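Here are a few exercises on helix packing and buried residues, each with a worked solution. Have your viewer open and try each task before reading on.

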Amino acid sequence: MVSVSLTVNGKAVTREVEDRTLLVGFLRETLGLTGTHVGCDTSQCGACVVHVDGVAVKSCTMLAAQADGCAVLTIEGLAQGDQLHPVQAAFREHHGLQCGFCTPGMIMAAVDIIRRHGPGIDETTIRHELEGNICRCTGYHNIVKAVKAAAEQSGGMAEAAE
Amino acid sequence: MKPAAFAYLAPTTLAEALEMIDRIGDDGKILAGGQSLVPAMNFRLARPGTLVDINGVAGLSGISGDSARGISIGALTRHAAFHTPPFSGPLADLLAKVVRNIAHYPIRQRGTFGGSLSHADPASEWCLVTATLGATLHIASLTGTREVAAADFFRGTFTTALQPSEILVRIDLPPLGAGWGTGFYEFSRRKGDFALAMALTALRIEGGTIREARLGVGGVADRALRLAKTEAFLVGQPAHAETFAAAAAMAQDSIDVSEDIHAGADYRRDLLGTVIRRALAEAAA
């Protein structure tokens with residue numbers, strides 16, 4: 001067993017877990033934060049993207065023990081109460097989802113993309129940046145529209161959310 | 001639980017890490033970025049009894065030097081460090097081009113340069129860079145540090161000169177200074193997938209004539225290959241399309257290309273010619 005202390009969505013947590021616990025398993029099973037999804041177990045699909053110390057990573061290939069001392073942000077940490085995060089709101093507005101399985105990872109990746117590229121990001125860049133997130137409903141068109149819209153109306157909102 | 005049970009160790013110094021892997025031997029694995037090892041463990045293709053996580057070991061990451069003098073890369077340097085290299089010139093341009101082809105952005109935040117070499121996937125971009133440019137690898141163990149040329153390091157698919165008691169700590173890339181042009185072309189079915197074929201080259205051209213050449217290919221055999229004969233052919237030739245086509249044909253004839261579920265040998269041999277021609281044309285442009 002290994003003791004892991006970290007902050008998840010701003011709250012400090014400490015848990016004893018098996019050494020082999022993946023970060024995504026820690027979030028979903030130990031903490032009950034099931035918004036982060038497991039698609040492929042191999043870092044290919046992006047459903048498990050969370051932010052570790054402000055950077056988008058795939059939580060299915062990182063151990064919980066490796067997040068010791070880190071700040072983790074998951075999809076559950078984006079909204080302020082009933083107020084959706086602007087990227088979440090844009091996904092709803094532009095129908096950037098069908099079945100919703102890839103959505104948490106898409107949104108967490110998008111928040112990082114907008115933070116890095118700012119409001120002027122173009123569609124080609126968004127599509128390249130989303131290469132690590134797979135949508136099996138093939139809904140990329142509206143996802144890209146949602147990310148672009150969120151970026152345009154943001155102007156620095158992503159930093160505030162971190 | 002996806003991976004089989006293992007013990008997790010997190011040393012904070014190189015000496016401590018070396019002592020651990022020496023004691024554990026064959027049953028241990030070093031965890032760097034984990035972007036290949038952890039998926040293999042999730043599918044239980046790899047079942048190490050102990051993981052020695054070197055992410056907390058001080059002094060293993062960072063890039064120093066420049067294009068004119070060559071650079072030193074700490075083994076734990078993340079792929080993402082090459083998105084905007086901390087130096088300029090042809091070597092920086094080449095590495096910044098290559099890194100965009102390694103998997104996806106979140107993976108590049110975790111995966112490491114040294115981890116990629118130690119894993120030795122035949123389609124690894126960094127393996128191709130080190131093999132083609134003639135890198136020197138610095139390998140530490142309890143008995144000291146040894147240097148191994150990239151040409152001697154890669155032994156085959158997922159196989160290197162590393163012993164279980166050793167850690168790759170630093171990689172030196174030789175200079176690629178003013179006057180060199182670089183080219184890289186990779187073909188994969190989807191962006192971020194493993195290369196079905198890729199070529200990397202650097203040319204020094206004076207007055208339209210190639211004076212020096214580096215050329216290597218990856219994803220087509222059990223390891224990245226530096227094409228010394230084709231390099232020798234290129235020197236003294238005019239830097240134009242006919243030369244590049246002849247060089248591509250020469251490489252196609254000399255390599256026994258691999259065949260797998262993703263591509264048959266004929267198709268891969270055809271791709272090989274295409275990626276070489278495109279990389280050479282880019283370097284000459």
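**Exercise 1. Find which residues of H1(B) are exposed and which are buried, and say what covers the buried ones.**

Keep in mind that this is a predicted model.

Step 1: start with the outward side. Ala15(B) and Arg23(B) are exposed there, on the other side of H1(B) from its buried residues.

Step 2: now the buried set. Helix H1 of chain B covers residues 14–24, and Ala17(B), Leu18(B), Met20(B), Ile21(B) and Ile24(B) are buried in it. Looking down the axis of H1(B), you find these buried residues within an arc of 160 degrees, so they line one face of the helix.

Step 3: look for the cover. It includes five strands of chain B: S1 (7–9), S2 (28–31), S3 (50–53), S6 (136–141) and S10 (167–173).

Step 4: check the end of the helix. Gly25(B) follows H1(B) and has a positive phi, near 70 degrees.

**Exercise 2. Do the same for H2(A): which residues are buried, and which exposed ones sit on the face turned away?**

Step 1: the buried residues are Val87(A), Gln88(A), Ala90(A) and Phe91(A). Their arc, seen down the axis of H2(A), is again within 160 degrees, so they line one face of the helix.

Step 2: flip to the face turned away from that buried side, and you meet the exposed Arg92(A) and Glu93(A).

Step 3: past the helix, His95(A) has a positive phi, near 50 degrees.

**Exercise 3. Describe how H2(A) packs against H3(A).**

Step 1: pick the descriptors. Two packed helices are described by the angle between their axes and the distance between the axes.

Step 2: fill them in. The axes of H2(A), residues 86–93, and H3(A), residues 103–117, come within 10 Å and cross at roughly 125 degrees. The two helices are therefore oblique to each other, and their crossing is right-handed.

Step 3: list the contacts. From H2(A) come Val87(A), Gln88(A) and Phe91(A), and they meet Thr103(A), Met106(A), Ile107(A), Ala110(A), Val111(A) and Ile114(A) of H3(A). Sorted by class, that contact has 7 nonpolar residues, 2 polar and no charged.

**Exercise 4. Now chain B: how do H9(B) and H10(B) cross, and what classes of residue make up their contact?**

Step 1: the axes come within 9 Å, with a crossing of roughly 145 degrees that is right-handed.

Step 2: on the H9(B) side, the residues in contact include Phe244(B), Ala248(B) and Gln252(B), while among those in H10(B) are Arg269(B), Leu272(B) and Ile276(B).

Step 3: the class count for this contact is 10 nonpolar, 2 polar and 3 charged residues.

**Exercise 5. Take two loop residues, Ile255(B) and Asp121(B), and work out whether each is buried or exposed.**

Step 1: locate Ile255(B). It's in the loop between H9 (241–254) and H10 (265–284) of chain B. At a relative accessible area of 8%, Ile255(B) is buried.

Step 2: see what Ile255(B) touches. Leaving out residues up to four places away in sequence, you get Val217(B), Val220(B), Leu225(B), Leu227(B) and Leu272(B). Leu227(B) is 28 residues away along the chain, with 9.3 Å between the C-alpha atoms.

Step 3: move to Asp121(B), in the loop between H5 (113–119) and H6 (125–133) of chain B. The relative accessible area of Asp121(B) is 14%, and the cut-off for buried is under 20%, so Asp121(B) is buried.

Step 4: with the same sequence exclusion, Asp121(B) touches Ser116(B), Cys127(B), Phe158(B) and Phe194(B).

Definitions and conventions
Residues are numbered from 1 along each chain as its sequence is written. Chains are lettered from A and ligands numbered from 1 in the order in which they are written. This is a predicted model: local features need pLDDT of at least 70, side-chain atom pairs count only at pLDDT 80 or more; totals for chains, interfaces and linings use all residues. Side-chain values use heavy atoms; hydrogens and water are left out. Axes are lines fitted to C-alpha atoms, for helices over the stretch in contact, and angles run from 0 to 180 degrees between N-to-C directions. Helices (H or I, at least four residues) and strands (E, at least two) are DSSP runs, numbered from the N terminus. Angles under 35 degrees count as roughly parallel, over 145 as roughly antiparallel, 65 to 115 as roughly perpendicular and the rest as oblique. A crossing is left-handed if the near helix is turned anticlockwise from the far one by less than a right angle, and right-handed if clockwise. Contact means heavy atoms within 4.5 Å. Ala, Val, Leu, Ile, Met, Phe, Trp, Tyr, Cys and Pro count as nonpolar, Asp, Glu, Lys and Arg as charged, and the others, Gly among them, as polar. Buried means under 20% relative accessible area, exposed over 50%, partly exposed in between (1.4 Å probe, protein chains only). The arc is that of the directions from the helix axis to the C-beta atoms.
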